[in-house]
Each structure stands twice: as C-alpha cells, then as structure tokens.
Amino acid sequence: MSNCRNGHGGRGRARGMACLQLLVLAMGVLASACSRTPPEEALRETVSTMQQHIASRDAAALHALIDEDFVGPGGMDRRAARQMAAAMLLRHRSVGVTSGPLDVQLQGDDRASVRTRVVLTGGSGAVLPDSARAYRVESAWRRRGDDWRLLSLHWAPVGP
C-alpha cells in the first residue's frame, strides 16, 4: 500500500490515480466473481430463453441450446431435433409457448431435470391461433461451463 500513498506534486497525484483505478478494477473483478448466477436460476433463465427462441422463430438460436449428446423420442438426435423445429417453424408463421411452473431438480452442479406443462400454439399470424395443444414435458439438462444445454426431451399430449 505504500506505493499508493499520495505524494507531493504531479507524480504523486498520477500514482494516486493509478492506485484508484487499480482498486476500482479489483472491485469489479470481485463483484463479477461473486455474482455468478446460481445453477437453478441459470437453468430457469435458459428454459425461458429457449421459449423466446421458439416464439421468435429463431431455429439457429434454439439449436445452440441443444447439447451435442441430445436424445429425444424414438432416438431423435440433435440434427433431427433441429429439423423438426425448423419444420414446425416453417408450418406456422406465428408460434406461441406458454409454460406452467417449472419443477427443477438439480443433480449436482452440472445435471438437472425439468418437468412442466406447456401449451403450444401455431397459426398464420391472425389474432387467434390455428392450432393449440397442451403437453407434459420432461427434459434433462447438462451444464457445460456456465451454460445449460438440453440433453433430452420427452413430451406427451395432455387430455383427449
């Protein structure tokens, strides 16, 4: 700390400014290290982001959230999931996703499962959708670094 003491003259002020800048930088690094999003909150944000990508019809951004080891119904892999999403987005000019509460179960810091119910709507862009269907959805997630990726997805229609 003796190097940060305020001396006399311009040289002392310059040294004082440098110390102040160093202190502000150190505080910023500490704040960012301490503000890492907890795993469950980060996963909930990722699920919300995925729903936004579906609603905005952004197949590329949606695909980026799917893990390389993804497995879906009938042995569906990551590539087939992208193709299915692209076909759905081509079929409907507007797509809506309404989710119920998420039941998140963490398994350590890097695995999780999420259960929920969703209503998917699709249409031509008119006020009312052309189709709507409710589903029970179960998904498994893997954390890679700070990012959650969809590892598996299974869904079943709700009701008749």
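**Close-up views of a predicted model**

**View 1. Strand β6 and its partners β1 and β5.** Strands β1 and β6 run parallel and are joined by 2 bridges. One pair to look for is V71, whose bridge partner in β6 is S152. Keep in mind, here and in the views that follow, that this is a predicted model. With β5, by contrast, β6 runs antiparallel, and 10 bridges join the two strands. Here S139 has L153 in β6 as its bridge partner. Follow the chain to the hairpin of β5 and β6 and you will find 2 residues between the strands. In this hairpin, G145 takes a positive phi near 70°.

**View 2. The largest pocket and its lining.** The space in this pocket comes to about 870 Å³. To find its centre, start from I54, M84, M88, L120 and L153, the closest to that point of the 37 residues in the lining. Helices α2 (39-55), α3 (59-64) and α4 (78-91) each give two or more residues to the lining, as do strands β1 (66-71), β2 (94-99), β4 (111-123), β5 (131-144) and β6 (147-157). Sorted by character, the lining has 26 nonpolar, 8 polar and 3 charged residues.

**View 3. The largest nonpolar core.** This core holds 23 residues, and L43, M50 and W141 are the ones that touch the most other members. Two or more residues come from each of α2, α3, β1, α4, β2, β4 and β6. Helix α2 gives the largest share, with 5 residues.

**View 4. The surroundings of W141.** Which residues does W141 touch, leaving aside those up to four places away in sequence? Its contacts include L43, T46, V47 and M50. W141 also touches D110, R111, A112 and V114. The rest of the set is W148, R149, L150 and L151. Two of these contacts, L43 and M50, appeared in the previous view beside W141 among the core residues that touch the most other members.

**View 5. Q105 in strand β3.** Zoom in on residues 103-107, which form β3, to find Q105. Is Q105 buried, partly exposed or exposed? Its relative accessibility is 38%, so Q105 counts as partly exposed, a class that lies between buried (under 20%) and exposed (over 50%). Not counting residues up to four places away in sequence, Q105 touches R111, A112 and S113. Do look for E40 as well: Q105 and E40 are 65 residues apart in sequence, with their C-alpha atoms 8.4 Å apart in space.

Terms used:
Residues are numbered from 1 along each chain as its sequence is written. This is a predicted model: local features need pLDDT of at least 70, side-chain atom pairs count only at pLDDT 80 or more; totals for chains, interfaces and linings use all residues. Side-chain values use heavy atoms; hydrogens and water are left out. On a 1 Å grid over the protein atoms alone, a cavity is a set of points where a 1.4 Å probe fits but cannot get out, and a pocket is an open set with protein on both sides within 12 Å along at least five of seven lines; lining residues have an atom within 4 Å of a point. Grid points are joined across faces, edges and corners, and a volume is the space filled by probe spheres set on the points. Helices (H or I, at least four residues) and strands (E, at least two) are DSSP runs, numbered from the N terminus. Ala, Val, Leu, Ile, Met, Phe, Trp, Tyr, Cys and Pro count as nonpolar, Asp, Glu, Lys and Arg as charged, and the others, Gly among them, as polar. A nonpolar core is a set of buried Ala, Val, Leu, Ile, Met, Phe, Trp, Tyr and Cys residues joined through side-chain atoms within 4.5 Å. Buried means under 20% relative accessible area, exposed over 50%, partly exposed in between (1.4 Å probe, protein chains only). Contact means heavy atoms within 4.5 Å. Two strands pair if DSSP finds at least two bridges between them.
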